[in-house]
Every structure is written in C-alpha cells, then in structure tokens.
Amino acid sequence: MMMSLERALRQLTQRYVDGFQAKTGHAPQSSELYGVASPCVVESRDESVLWLPRYFDEQRDLHKVEQALEITLHPSIHQFYASQYAGDIPIRFAGLDLLLVQVWSEDDFIRLQENLISHLFTQKKLKLAPTAFIATLDSELEIVSVCNITGEVILEEFGSKKRCHLADSLEAFLAQAEVII
C-alpha cells in the first residue's frame, strides 16, 4: 500500500510539472518561494524560482511529532510528508480548489513537524479525533486532512467536529485529484 501512495504522489506531482511545462515552456514557477533555499530550485528569474521535485535520499518520518504528543500517526501521513521535496501544488478535488501542502526544504520539514504538533495538540485539547492537514483552501477555517484513525481524507472545519468525507484513502485522493495549471 505504501509504495502505491508514494507512486500516486509522484504521479500527481509529475502531472503538475508536465502541465506547467506544456503551458509555459519551463518548470513550475513560484514567486512566494523566491529566495528560499531548497534542493528543488533549478533556476531563479524575475523574482521567482523555477523548481522540480526532489525525492528524499534517506528515510524520513514524523516520529518527532509522535514522540511530542505520544501518538502513533497513520502510516500514510508519514509517507505523504516524508517522500519528496516540492513546491505546493494547486489541485481540484470534488469541486474544491486546494493547495496541496508539500515540503520545500529541510527547514520546512522541521517547520511542518512543529505545525503538525500544534494542530494535533489543539485537537487533543478540544477532544477532537486527530487529523493531519494535507491541503489548504482559500477559507482559513477549512482544511483537508487525513483522519489519523481511519486514514480517510476529509474536509474539516478547524476547531470543530464538522467533517466531510472526501476519499477513502490518501492514495485514492491523490489519484483522483486534478492539477490546476
């Protein structure tokens, strides 16, 4: 299962890269990431950066998050965040325009873990079932997450029990997502 999830993430990322290159003639471009060091950077131009995904050379995981909260994360959460460096990827799923959160650099990986700890701590404090965010929406109150108990992908309202099922698994979610160029 885990190799299939990694493959689904790589395929989605490649669909984005291919679509961006077909539309613009170059690798994905981001002005938000300009000047931020990353192994993904292939070129800087006009106050923006061109990037390509880079797969992790060594095994990564989110055990620091687990240790900090005394929790075991769903294996798909580890696989999603610990397989590649890339820029965030705009996608559409079930009529929702989302920004798929990706790890940009080693510093970003550390920051991501801190944000997951904060997110999970808040849920624990509010007595909510634990989730790990994977995508954002324009709305600051809603996020797309993986349910830590079931592994399903959900749309949730931050800080509340309001949740909507999107996909049975992260692998299915990634396979069905449409990239936005």
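This passage walks through the core, the aromatic pairs, some notable loop residues and the cavity of a predicted model.

A good place to begin is the interior. The largest nonpolar core is made up of 50 residues, and those with the most contacts inside it are Tyr81, Leu100, Ile134, Val144, Phe173 and Leu174. Helix 1, which spans residues 2-24, gives the most to this core, contributing six residues. Leu100 offers a helpful view of the packing. Setting aside residues up to four places away in sequence, Leu100 touches Leu9, Leu12, Phe80, Asp88, Ile89, Ile91, Ile134, Ala135, Phe173 and Leu174. Among these partners, Ile134, Phe173 and Leu174 are also listed with the most contacts inside the core.

Leu137 can be followed next, starting from Leu100. The two residues are 37 apart in sequence, and their C-alpha atoms are 9.2 Å apart in space. Leu137 is found in the loop between strand 8 and strand 9 (142-147). With a relative accessible area of 15%, Leu137 falls under the 20% limit and therefore counts as buried. Its contacts, leaving aside neighbours within four places in sequence, are Leu96, Asp97, Leu98, Glu142, Ile143, Val144 and Leu155. One of these, Val144, is among the residues with the most contacts inside the largest core.

Aromatic rings add another layer to the picture, with seven aromatic pairs in the structure. Tyr16 and Trp51 form a stacked pair, with 6.1 Å from centre to centre and 25° between the planes. Because Tyr16 belongs to helix 1 and Trp51 to strand 3 (residues 48-51), this pair ties together parts that are 35 residues apart in sequence. Tyr16 and Trp51 are both buried. A tilted pair is formed by Phe93 and Phe173, whose ring centres are 4.5 Å apart and whose planes make an angle of 40°. Phe93 is part of strand 6 (residues 89-93) and Phe173 is part of helix 5 (residues 170-176), so parts that are 80 residues apart in sequence are tied together by this pair. Phe93 and Phe173 are buried as well. Ring pairs also join Tyr16 and Trp51 with Phe20 and Trp104 in a cluster.

Arg60 brings a charge into this account of rings. Arg60 lies over the face of Phe56, at 4.8 Å from the ring centre. The charged end of Arg60 also sits over the ring of Phe109, at 5.9 Å from its centre.

Two loop residues deserve a look for their backbone. Ala94 is not a glycine, yet it has a positive phi of about 50°. This residue lies in the loop between strand 6 and strand 7 (96-100). Ala94 has 64% relative accessibility and so counts as exposed. Lys127, likewise not a glycine, has a positive phi of about 60°. Its place is the loop between helix 4 (106-125) and strand 8 (131-136). Lys127 is exposed, with a relative accessible area of 72%.

The last stop is the empty space inside the model. There is one cavity of 30 Å³ or more, and the largest cavity has a volume of about 40 Å³. Its lining consists of His119, Thr122, Gln123, Leu128, Glu156, Glu157, Phe158, Gly159, Ser160 and Arg163. Helix 4 and strand 10 (153-157) are the elements that give two or more residues to this lining. Helix 4 gives the most, with three residues.

Technical notes. Residues are numbered from 1 along each chain as its sequence is written. This is a predicted model: local features need pLDDT of at least 70, side-chain atom pairs count only at pLDDT 80 or more; totals for chains, interfaces and linings use all residues. Side-chain values use heavy atoms; hydrogens and water are left out. A nonpolar core is a set of buried Ala, Val, Leu, Ile, Met, Phe, Trp, Tyr and Cys residues joined through side-chain atoms within 4.5 Å. Buried means under 20% relative accessible area, exposed over 50%, partly exposed in between (1.4 Å probe, protein chains only). Helices (H or I, at least four residues) and strands (E, at least two) are DSSP runs, numbered from the N terminus. Contact means heavy atoms within 4.5 Å. Rings of Phe, Tyr and Trp (its six-membered ring) pair if their centres lie within 6.5 Å; planes under 30 degrees apart count as stacked, over 60 as edge-to-face and the rest as tilted. A charge sits over a ring if NZ of Lys or CZ of Arg is within 6 Å of the ring centre and within 35 degrees of the ring normal. On a 1 Å grid over the protein atoms alone, a cavity is a set of points where a 1.4 Å probe fits but cannot get out, and a pocket is an open set with protein on both sides within 12 Å along at least five of seven lines; lining residues have an atom within 4 Å of a point. Grid points are joined across faces, edges and corners, and a volume is the space filled by probe spheres set on the points.
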